[in-house]
Amino acid sequence: MKYTSNHILFILLAFPYLTLAQSTFWQRHVIDSSFSGADGVRLADVNGDNLMDITTGWEEGGFTKVYLHPGYDFVSGKWPSVIVGKTPSVEDAVFADLNDDGAIDVISSTEGKNRKVYINWAPKNPENYLDSTKWTTEVIPASDGLMQWMFAIPSQVDGINGLDFIAGAKGDEAKIGWFQASENPNGISDWKWHPISPATWVMSLLVKDMDADGDLDIVTSDRKPGPTNGVRWLENQGEIRKQSQEWENHFIGAKGLEVMFLDMADLDGDGLEDVIATEYTNQKIVYLRKLDSTGLNWQHYNIAIPEVTGRAKAVSLGDINNDGRLDIVYSSNTLGNDSKVGLIWLSFKNKPTDPIWDWHHLSGPEGYKFDRIELLDLDGDGDLDVLTCEENYGVDSQGLGVIWYENPLNIKAAHKR
């Protein structure tokens with residue numbers, strides 16, 4: 001879609017406090033738009049070049065794909081890529097070296113009628129990483145048909161064998177739990193599933209030490225109505241016997257709200273990590289400020305979302321304009337309304353607890369259904385760019401695909417080499 005004078009006038013009227021430079025849309029670069037249904041982006045440096053690579057599940061396409069950062073000189077074009085496995089109805093993909101062989105594998109979580117967790121085993125020889133015939137895909141039997149798997153995050157839970165991972169789901173049978181690595185991680189039939197909490201619709205999972213006791217707890221946003229709805233954390237019991245039982249639940253906030261994705265960072269600079277989440281119910285960003293190291297005391301603030309944006313989806317925190325303060329990048333579902341903008345970023349004037357922040361344009365009105373956001377310096381110019389994916393643009397279109405937006409606010413004269 002081309003931006004017309006009417007679009008520009010609408011945007012400047014909607015954001016009267018923006019300067020002309022600030023209202024400029026960021027340049028979009030396409031990593032891959034060849035297929036349908038890009039659903040989430042996750043990062044890791046899989047080849048040791050100190051540049052972040054990407055994995056994405058293509059939900060409607062039915063496969064999982066990996067993209068290797070091509071280097072700063074070529075980052076604006078299509079990236080080298082490989083289909084690592086056929087994974088129907090894939091909702092999430094994440095990197096993890098599950099068998100500790102130095103080759104980074106990919107975990108794919110699938111929903112719908114498929115309801116499986118796949119391990120896409122990477123070829124051990126680095127020269128074969130982009131050869132799809134060298135990858136092997138297996139279903140974890142303990143996951144098969146159990147529930148609609150939505151999200152996974154690698155974590156060493158029990159301290160034995162290889163790397164475990166935490167997973168969450170949606171639907172009537174939904175749970176949060178962890179898959180325990182077998183003594184031989186390649187022996188996939190020996191992986192065990194340990195449910196540790198009921199759930200309704202898991203959007204986010206993070207591993208954080210929430211109570212300063214030295215072990216990693218789980219933070220989650222639970223979307224749909226029910227006893228576990230809201231933003232909460234699950235307390236790691238600290239010993240294997242207890243880790244395999246239900247973990248104690250602690251609510252952080254936003255109960256009764258349709259919370260979407262969340263991020264954590266020390267927004268107010270007091271040394272404690274806060275939670276920032278989007279919520280669909282009242283179209284707001286929720287700022288949950290951590291009050292002490294116990295993780296039991298929180299204060300709730302709302303940050304307004306302007307009507308020019310779409311329905312709330314995701315947030316990510318980083319210093320966008322290099323002023324030393326954290327900003328928020330926000331993504332949304334515009335529902336096909338081309339007067340809406342899918343991605344914006346915001347900054348606070350006085351303090352982060354203010355209900356109204358300054359909003360700044362990012363994507364412009366093109367795009368329909370944006371998803372998770374990653375903030376990182378993709379082009380090596382010293383500022384944070386925005387990596388995301390856009391799943392649909394109308395019923396008959398495959399969407400913008402896996403994309404990144406180039407930060408124009410602090411670009412240096414020359415890229416790092």
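F370 sits in the loop that runs between strand 25 and strand 26 (374–376), and in this predicted model that loop position is anything but open to solvent. With a relative accessibility of 0%, F370 counts as buried, because the cut-off for that label is under 20%. Its surroundings are easy to trace: setting aside residues up to four places away in sequence, F370 touches K313, S331, S332, G342, L343, T388, C389, E390, L400, I403 and Y405. If you would like a sense of distance across the model, pick R241: F370 and R241 are 129 residues apart in sequence, and their C-alpha atoms are 40 Å apart in space.

F370 also belongs to a nonpolar core of 20 residues, whose members include W201, I373 and Y405. This core lies apart from the largest one, so let us turn to that next.

The largest nonpolar core has 33 residues, and F165, F179 and W191 are the members that touch the most others. Two or more residues come from each of strand 6, strand 8, strand 10 (148–155), strand 11 (164–170), strand 12 (175–180), strand 13 (192–198) and strand 14 (202–208). W191 makes a good viewpoint. Leaving out neighbours within four places in sequence, W191 is in contact with L98, I119, I140, A142, L163, F165, F179, Q180, A181, S182 and P185.

One of those contacts, Q180, deserves a stop of its own. Q180 lies in strand 12 and counts as buried, because its relative accessibility is 12%. What does its side chain meet there? A polar contact of 2.8 Å joins the side chain of Q180 to that of D158. Beyond its neighbours within four places in sequence, Q180 is in contact with D158, I160, D164, W191, K192 and H194.

Aromatic rings offer another way through the model. Ring pairs link W149, F165, F179, W191 and W193 into a cluster, and a search of the whole structure finds 12 aromatic pairs. W149 and W193 form an edge-to-face pair, with 5.0 Å from centre to centre and 85 degrees between the planes. This pair links distant parts of the chain, since W149 is in strand 10 and W193 is in strand 13, 44 residues apart. Both W149 and W193 are buried. Another pair is made by Y330 and W359: their ring centres are 6.1 Å apart and their planes stand at 90 degrees, so this pair is edge-to-face too. Here Y330 comes from strand 23 (residues 327–333) and W359 from strand 25 (residues 358–361), 29 residues apart. Y330 and W359 are both buried.

Now for the strands themselves. Four of them form an open sheet in the order 6-7-8-9, with antiparallel pairing. Strand 6 (90–96) and strand 9 (136–139) are the edge strands, each pairing on one side only. From one strand to the next, the twist averages 20 degrees. Inside the sheet, four bridges join strand 7 (residues 105–110) to strand 8 (residues 117–121), and V106 has N120 of strand 8 as its bridge partner.

Strand 19 (residues 274–279) gives a second view of strand pairing. Which residues of strand 19 point each way? D274, I276 and T278 point one way, while V275, A277 and E279 point the other. In a regular strand, side chains alternate between the two faces of the sheet. All six residues of strand 19 are buried. Strand 18 (residues 259–265) pairs with strand 19 in the antiparallel sense over five bridges, and M264 has V275 as its bridge partner. Five bridges also join strand 19 to strand 20 (residues 284–290), again antiparallel, with E279 standing opposite K284.

The hairpin of strand 19 and strand 20 has four residues between the strands, and Q283 there takes a positive phi near 55 degrees. Most residues other than glycine have a negative phi. Two further residues are worth a look in this respect. S89, in the loop between strand 5 (81–86) and strand 6, has a positive phi of about 60 degrees although it is not a glycine. A212, in the loop between strand 14 and strand 15 (217–222), has a positive phi of about 55 degrees and is not a glycine either. S89 is partly exposed, with a relative accessible area of 25%, whereas A212 is exposed at 58%.

Notes
Residues numbered from 1 in each chain as written. Predicted model: local features only at pLDDT ≥ 70, side-chain atom pairs only at ≥ 80, totals over all residues. Heavy atoms only, no water. Pairing = 2+ DSSP bridges. Axes fitted to C-alpha atoms, helices over the stretch in contact; angles between N-to-C directions. Core = buried A, V, L, I, M, F, W, Y, C linked by side-chain atoms within 4.5 Å. Buried < 20%, exposed > 50% of the residue type's maximum accessible area, 1.4 Å probe, protein only. Contact = heavy atoms within 4.5 Å. Polar contact = N/O pair within 3.5 Å; in protein donor to acceptor, adjacent residues only side chain to side chain. Phe/Tyr/Trp six-rings, centres within 6.5 Å; stacked < 30°, edge-to-face > 60°.
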